[in-house]
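Look at the structure below and follow the chain through its fold, its cross-links and its charged groups.

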Amino acid sequence: MPRPIRLLSACALLAASLATLPARAETVGEVGVDWLGNDITIDAVSDPKVSGVTCHVTYFDRSVIDRLKNGNWFEDPSNNSISCRQTGPVTIGDIDLSQEGEEVFREGLSLIWKKLVVSRIYDKKNNTLIYLAHSRELTDGSAKMSISTIPLFEQPVTWTNGAPK
């Protein structure tokens with residue numbers, strides 16, 4: 001393959017892989033909970049494939065003092081909460097319509113083992129977007145989770161690929 005074509009192919013592959021990356025969060029609030037410096041952080045997450053929806057995710061951010069006091073240096077608790085709302089006109093792109101849905105956001109809660117994950121699932125029967133916040137761990141799963149829903153019934157929604165049949 002000639003060099004310019006390989007370069008174009010590599011650029012197209014890079015652009016496609018970047019387009020599928022999970023959303024980035026913007027920290028919009030931070031509340032101190034004790035004298036050790038532990039905080040509850042509130043992030044705003046926009047769904048990269050569903051414009052007009054914003055999720056606010058909370059999680060516990062342990063301080064250095066708490067880490068020194070209790071050990072377990074490289075990990076934050078799995079506790080989290082999520083609330084999603086329509087914040088503009090809803091346009092739904094090419095989303096995964098399977099029961100597993102797809103990951104929208106991921107943030108590390110430990111050095112390598114634990115992640116805070118937000119997944120989106122479309123409930124076709126009830127015409128509702130479901131957002132699930134949970135922790136993903138390599139060794140022990142966590143039963144701590146939170147969900148939020150965006151009902152689409154009688155809402156002006158644009159499906160870029162046509163509404164699911």
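A salt bridge is taken here as a side-chain nitrogen of Lys or Arg within 4 Å of a carboxyl oxygen of Asp or Glu. By that criterion Lys49 forms a salt bridge with Glu102, with 2.9 Å between the closest N and O atoms. The two residues come from distant parts of the chain: Lys49 sits in the loop between strand 2 and strand 3, Glu102 in strand 5, and 53 residues separate them. Like everything that follows, this pair is read from a predicted model.

The fold can be set out before returning to the charges. The protein contains two helices and nine strands. Along the sequence these elements follow the order α-β-β-β-α-β-β-β-β-β-β. Of the 165 residues, 33% count as buried. Among contacts with a separation of 6 or more, 48% are between residues 24 or more positions apart. The exposed surface of the protein comes to about 10200 Å², and carbon and sulfur atoms supply 58% of it.

How many salt bridges does a search of the whole structure find? There are three. Besides the pair of Lys49 and Glu102, Arg120 forms a salt bridge with Asp47, where the closest N and O atoms are 2.6 Å apart. That pair also links distant parts of the chain, since Arg120 belongs to strand 6 and Asp47 to the loop between strand 2 (39-46) and strand 3, 73 residues apart. Arg120 and Asp47 are both buried. The side chain of Arg120 meets that of Glu102 as well, in a salt bridge of 2.8 Å from N to O. Here the link runs from strand 6 to strand 5, and the two residues are 18 positions apart in sequence.

Asp47, Lys49, Glu102 and Arg120 are thus linked in a network of salt bridges. The members differ in how they are covered, and the cut-off that matters is that buried means under 20% relative accessible area. Arg120 counts as buried because its relative accessibility is 2%. Glu102 counts as buried because its value is 15%. Lys49 has 27% relative accessibility and therefore counts as partly exposed. In general terms, side chains of opposite charge can pair when their charged atoms come close.

A covalent link comes next. The structure holds one disulfide, which joins Cys55 to Cys84 with an S to S distance of 2.1 Å. The link of Cys55 and Cys84 is right-handed, with 105° about the S-S bond. Cys55 lies in strand 3 (residues 50-61) and Cys84 in strand 4 (residues 80-92), so that the disulfide links distant parts of the chain, 29 residues apart. Both cysteines, Cys55 and Cys84, are buried.

Next is the nonpolar interior. The largest nonpolar core has 22 residues, of which Val50, Ile82, Ile92, Val118, Leu129, Tyr131 and Leu152 touch the most other members. At least two residues of this core come from each of strand 3, strand 4, strand 5 (102-108), strand 6 (114-123) and strand 7 (128-137). Strand 3 gives the most, with five residues. Which residues does Ile92 touch, not counting those up to four places away in sequence? They are Lys49, Val50, Leu129, Leu152, Val157, Thr158, Trp159 and Thr160. Lys49, one of these contacts of Ile92, is also a member of the salt-bridge network.

The last feature is on the surface. Val31, Val33 and Ile40 form a nonpolar patch there, with about 200 Å² of accessible area together. Val33 lies in the loop between strand 1 (25-32) and strand 2, while Ile40 is found in strand 2. Buried, partly exposed or exposed: which describes Val33? Val33 is partly exposed, because its relative accessible area is 38%. Ile40 also counts as partly exposed, because its relative accessibility is 31%.

Leaving out residues up to four places away in sequence, Ile40 touches Gly29, Glu30, Val31, Val33, Thr58, Tyr59 and Phe60. Its patch partners Val31 and Val33 are included in that list. Ile40 can also be placed relative to Asn80: the two are 40 residues apart in sequence, and their C-alpha atoms are 9.3 Å apart in space.

Conventions:
Residues are numbered from 1 along each chain as its sequence is written. This is a predicted model: local features need pLDDT of at least 70, side-chain atom pairs count only at pLDDT 80 or more; totals for chains, interfaces and linings use all residues. Side-chain values use heavy atoms; hydrogens and water are left out. Helices (H or I, at least four residues) and strands (E, at least two) are DSSP runs, numbered from the N terminus. Buried means under 20% relative accessible area, exposed over 50%, partly exposed in between (1.4 Å probe, protein chains only). Contact means heavy atoms within 4.5 Å. Accessible areas come from the Shrake-Rupley method with a 1.4 Å probe; for residues, only the protein chains shown count as cover. A disulfide is a pair of cysteine sulfur atoms within 2.5 Å. A nonpolar core is a set of buried Ala, Val, Leu, Ile, Met, Phe, Trp, Tyr and Cys residues joined through side-chain atoms within 4.5 Å. Patches are made of residues with over 30% relative accessible area and no salt bridge: like charges are joined within 9 Å, nonpolar side chains (Val, Leu, Ile, Met, Phe, Trp, Tyr) within 5 Å.
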